[in-house]
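Please open the model in your viewer and keep the selection panel at hand. The tour below goes from stop to stop, saying at each one what to select and what is found there.

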Amino acid sequence: MNRTKKFLYNSMSTALYQAIVMIAGFITPRFMLVHYGSEINGLVSSINQFITYFNLVEAGLGSAAVYSLYKPLADNDHKRINAIVSAAKHFYYVSGAIFAILVVVLAAVYPSFAKVENMPYVIISLLVIALSSKSFLDFFSLAKYRVILTADQKTYVISLASTVHIILNTLVIVVLSIKNVNVLILYIVAIIPLVVRTVILAFYVKKNYKYLSYNERPDNSALDKRWDALFLQIVQAVQVGAPTVIATVFTSLKTVSVYSIFNMVMNGINSLLNIFQNGLSASFGDLIARKEQKKLQKAYSEFEYAYYHLIFIIYTVAAVMLQFFVNIYTSKVTDVNYNQPLLAILFVINGLLYNIKTPQGMLVISAGLYKETRWQSLTQALIAVILGILLAIPFGLYGIMIALSLSNLYRVIDLLFFIPKNITHMKVSESAVRIIRLLVVSVICFVPSLFIKVAVSNFIIWAVYAIIYTIFIALALTIESLLFDRECLFSLISRIKNTIKSK
């Protein structure tokens, strides 16, 4: 398969997976809210965020291993491939051991500052361990398979196995929550789908990579970029997870629940958008490894064009429809106020800024430029954390979201200059002007919604209005393309047509 076909396979399977993730992401919190309440929902969200931070003991390892595998896979160098995956396996096991220690410490300490009514200390501790099981299995089983499949542009295998896991996991949570099973028992049973996913991937890798051996003498030098990637991923995780931790410390678990519901929708959108990044990151890495500069420029320009038009359509619709969705979703929840339109707009602004930098951020990973961008990433995280704490005290979630938006705005500006200078060697103005044009059109499309009042009482009506807005905004941005970006539009259409004909 050529790169475009691999991208299509990866994108279609990832699209299926992310759609299932998004649907499950809407279903499971709803059942948690209705059957266990906002406080338990906030508790689970808070614990999961700490576990996400503990996963940073692995940060950089996967990225470094995938980057190191691009060239030997292109050269079909089996010995070199085995040396790299053996090294990756060793480091994953070491990281897993450190992760386990951190989880035990959290289980001992967390119940002391996150008290929940009618939930004993020991139950909260055991819940921490149960929720960490996914990451534990990743370290000691899934990770070594994920590395080779990602580098070989076969993320569709991971997506399909993960789809099975999500479906089974959702069934477990829905059925057991309806039966009002203790929340701890629920998450213990939810470990079973994780094992199923691991078995599927192990079977595929052993069948299709017969030459693969994890017993080759490890080439630890191949993972030298790990520490630079580690730094980058740590600051990214701090920046992404800061709102939950800051809200936990400076507000309440019910406020964390409010954040988690709005963030659930944003994560659903981001999951769908990640389809393109996950499908293309390895492809761009392959182009960079082969030093095919002209092809890189053309492919990147088309991707940026398509991605920017997509996110401006999605987030303009979200600006209009997000609060309606949250109101319907939380209609039976009365223990905290989820109707906060201004907060919804802040979530949309932050989400848009976060995704504007995705094309450039993807190239940083594809090119392995972790060390070259670490101080910019640190600055971004510091803005989110320091400003988030300062603004959280007087303004709560509103202050946290303003800080997060400003940190992403800084990173957008930084990457707009960094990528053309260090990777693509294209004009900075090409991306900047494209963003400004799309922003102007989106704002013009959004303004009428401020004056047109509609009654949205259920998900069917919500879906109808969302479709209408999507068509309206898509038409407006298509006109913008025909007027200002015609060459890139037609080039992208031609690529798609050629790919379809070649099947």
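How many salt bridges does the count come to, if a salt bridge is a side-chain nitrogen of Lys or Arg within 4 Å of a carboxyl oxygen of Asp or Glu? By this rule the count comes to eleven. Before you select anything, note that this is a predicted model, in which local features need pLDDT of at least 70 and side-chain atom pairs count only at pLDDT 80 or more, whereas totals for chains, interfaces and linings use all residues. Residues are numbered from 1 along each chain as its sequence is written, and side-chain values use heavy atoms, with hydrogens and water left out.

Begin with helix α12, residues 293–329, where helices (H or I, at least four residues) and strands (E, at least two) are DSSP runs numbered from the N terminus. Select Glu302 and Lys298, whose side chains meet in a salt bridge with an N to O distance of 2.7 Å; both residues lie in α12, four residues apart, which is about one turn of the helix. Glu302 is buried at a relative accessible area of 3%, while Lys298 is partly exposed at 44%, given that buried means under 20% relative accessible area, exposed over 50% and partly exposed in between (1.4 Å probe, protein chains only).

Move next to helix α17, residues 428–446, and select Glu430 and Arg434, which are four residues apart, again about one turn of the helix. Their salt bridge has its closest N and O atoms 4.0 Å apart. Arg434 counts as buried at 2% relative accessibility, and Glu430 counts as partly exposed at 29%.

Keep Arg434 selected and add Asp485, since the side chains of these two residues also meet in a salt bridge, at 2.8 Å from N to O. Asp485 lies in the loop between α18 (459–484) and α19 (486–501) and Arg434 in helix α17, so the pair ties together parts that are 51 residues apart in sequence. Both Asp485 and Arg434 are buried. Extend the selection to Glu304, Glu430, Arg437 and Glu480, because together with Arg434 and Asp485 these residues are joined into one network by salt bridges that share partners.

For the nonpolar surface, select Val164, Ile167, Leu168, Leu171, Ile185, Ile188, Val189, Ile192, Val196 and Ile200, which form a patch with about 740 Å² of accessible area together. Such patches are made of residues with over 30% relative accessible area and no salt bridge, like charges being joined within 9 Å and nonpolar side chains (Val, Leu, Ile, Met, Phe, Trp, Tyr) within 5 Å; accessible areas come from the Shrake-Rupley method with a 1.4 Å probe, and for residues only the protein chains shown count as cover. The elements giving two or more residues to this patch are α7 (155–178), α8 (183–189) and α9 (191–208), and the largest share, four residues, comes from α7. Ile192 is found in helix α9 and is exposed, with a relative accessible area of 56%.

Stay with α9 and add helix α6 (residues 133–151): the axes of the two come within 10 Å and cross at roughly 20°. That makes α6 roughly parallel to α9, angles under 35 degrees counting as roughly parallel, over 145 as roughly antiparallel, 65 to 115 as roughly perpendicular and the rest as oblique. Here axes are lines fitted to C-alpha atoms, for helices over the stretch in contact, and angles run from 0 to 180 degrees between N-to-C directions.

Finish at Leu43 in helix α2 (residues 38–54), which is buried with a relative accessible area of 0%.
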